[in-house]
Amino acid sequence: MYEKNGEKYYVVDSHTHYWNAARDNWVPGAEQYAKGWIECFHAYQGLGPAETHWSLEKFQKYSEADLMKDLFEDGYVDKAIFQPTYLKEWYTEGFNTTERNAILAEKYPSKFILNTRWDPREGDAGLKQLEENVARYGSKGVKLYTAEWRNGSRGWTLKDPEASRYLEKCQELGVKNIHVHKGPTIWPLDKDAFDVADVDQAATSFPELNFIVEHVGLPRIEDFCFMATQEPNVYAGLSVVIGGLMHARPRFFAKVMGELLFWVGEDKMTFGSDYAIWEPKWQIEGFVDWDYPNDEFSDYPRVTTATKKKILGLNAAKLYDIEVPIDYQLQEQAGRREAAVGVSDTEAPA
Amino acid sequence: MTDASRVLAALDTVRDPELDEPVTKLGFVASCTVSDNGVAEVRLRLPTFFCAPNFAFLMVADAYDAVSAVDGVTRTQVLLEDHFASDQINGGVAARAGFTQVFDGEAVDELGQLRSDFLRKAVMAGTDRVCRPLLTAGVAAEDLARMVLGEVPASGDLDRLRSRRTELGLPAGDDAPLLIDPATGAAIGVEALSLHLRRARITRVSLEANAVTCRDLFAQRYRSALANSEPVARFGVAT
């Protein structure tokens, strides 16, 4: 929970990790990839304020205490959503698996929402694993990493027929939030790695599912935005947008936010710190204080306190059926609820 | 001009196809040397270990072609450093192999289509660069749809837009419409104007935001004082 100038913000950090990229977890023979991956992430951390930078050693493997302090003690987060990334070709126990995230999620059940993942290349066994994970962890969302390497394959797309079976299974199991990583990545080789056409097709075929495009398709926000305007069930996950641009490139941050607000709209944008790439504290404080820097931005949609409340938590709370304390809801919504209760046994409101 | 400076000038024509900026200006040229007997060696480096291999391949291949065409260069070596696919790309380009041959089983298409897709984005971004000052100067939006390129005041941005349109085989002469669909070359009518300009703007924002993030990551990676638009790489002539 964050409070500033008398306004109360309920914070859902919809993109967090508890990874292990320490040397002893690197797969023999794949060390260069394991090393390259975490060093690349670490460079991204460098785009945040200097006082929030970590040593590479800490960044490779941070502790439970670090995470709990950075998210909940210092970071204002009410609910953190774990988004797994497996990368078992490079990390022996995986980089950031459902099981590893579950260590914390099971210990602090009120703090975390534990998403799982699937990979259509795992066939029937993968479907069974998905069912088991959902039964065990109560996951209502999955994180899909279409760029993941596996047995010589360097990735997959949501257009693959096998992927449809998994999406059908998600629908059946009530896993309604499909977070798709479309952002800085490595695959595919000849196609454009950030192509969002597969999300477009899946979102049309599965209207009951929500598709949250993580990293908003960066660096192809135009393709993402053109697609998102066509699909009512597509959302913009802001991880990397705030962390990577707000501090390092404030003018571009303002432009990217302006475009997202114009094309996608404030009801469909969700905050995610991408912890441990960046800590949430400075992102939340900065975003609450943020506005367009000058008149150059006058034809973008305005940013209000309500805009920020929605983005920082209320939108994600809706997607995950999180109950938000009444003081933290938008007054209009809270008022409506009170009114609805007030008139419940008299006349229905007009 | 020394051989090395001619080679550098040739590298100015090599662009990151994704960012639509010269590799020299982005700081991607780590070194550039020419030996007494005309052997040119160029080393390239990129913002991350995992930068997309397709774009990396295009830059290495384009650099190879540009440098090979320089007078006095007898042999060319272009080496991409610190990249997960360095060996494959360097070897493939040196052997004049196509992309699908280099990444056999992992890639199904050559990169012409990808390059065209990004040139079309460059045309859209360039459209915003040319039109925004006109709008600021008081030109009505609907007049933009009636203008031809010859009516636009000369500028570097206009030259760049013409050049990208020419590369795509799109009309770029004085009598060509200012606003065209980069996929078909058809003029944009007044009815489609507003959306077209919005699309041009976001494409420019996207390209430029991507470019600054690449610069920032590059600076993080190499800890060099990469100024906003200045090359930081060191160059020399091999002795």
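# Exercises on a predicted two-chain model

Among the elements of chain B, helix H7 (residues 156-167) has the highest mean pLDDT, 97, and helix H4 (residues 99-102) the lowest, 73; pLDDT is the predictor's confidence in each residue, from 0 to 100. Helices (H or I, at least four residues) and strands (E, at least two) are DSSP runs, numbered from the N terminus. The model is predicted, so local features need pLDDT of at least 70 and side-chain atom pairs count only at pLDDT 80 or more, while totals for chains, interfaces and linings use all residues. Residues are numbered from 1 along each chain as its sequence is written, with chains lettered from A and ligands numbered from 1 in the order in which they are written.

**Exercise 1.** State how many residues each chain gives to the contact, and which element of chain A gives the largest share.

*Solution.* Step 1: chain A gives 26 residues and chain B 30 residues, contact meaning C-beta atoms, placed from the backbone, within 7 Å. Step 2: on the chain A side, two or more residues come from each of H1 (31-45), H8 (221-228), H9 (241-246) and H10 (250-263). Step 3: H1(A) gives the largest share, 5 residues.

**Exercise 2.** Describe how H10(A) meets H8(B).

*Solution.* Step 1: the two axes (lines fitted to C-alpha atoms, for helices over the stretch in contact; angles from 0 to 180 degrees between N-to-C directions) come within 10 Å and cross at roughly 140°. Step 2: from H10(A), the contact uses A:Phe252, A:Lys255, A:Val256 and A:Glu259. Step 3: H8(B) supplies B:Ile202, B:Val205, B:Glu208, B:Ala209 and B:Val212.

**Exercise 3.** Is H8(A) mostly covered or open, and what does it pack against?

*Solution.* Step 1: H8(A) is mostly covered, with 7 of its 8 residues buried (20 or more other C-beta atoms within 10 Å of a residue's own; exposed is 12 or fewer, partly exposed in between; C-beta atoms are placed from the backbone). Step 2: the buried residues include A:Phe224 and A:Met227. Step 3: their packing partners include H10 of chain A and helix H8 (190-222) of chain B.

**Exercise 4.** Work out which strands of the S3-S4-S5 sheet in chain B are at its edges.

*Solution.* Step 1: the sheet is open, with 3 strands and mixed pairing; strands pair if DSSP finds at least two bridges between them. Step 2: S3 (29-34) and S5 (75-80) of chain B each have a single partner strand, so one side of each lacks a neighbour in the sheet. Step 3: S3(B) and S4 (residues 39-44) of chain B run antiparallel, joined by 5 bridges.

Definitions and conventions
Two residues are in contact if their C-beta atoms, placed from the backbone, lie within 7 Å.
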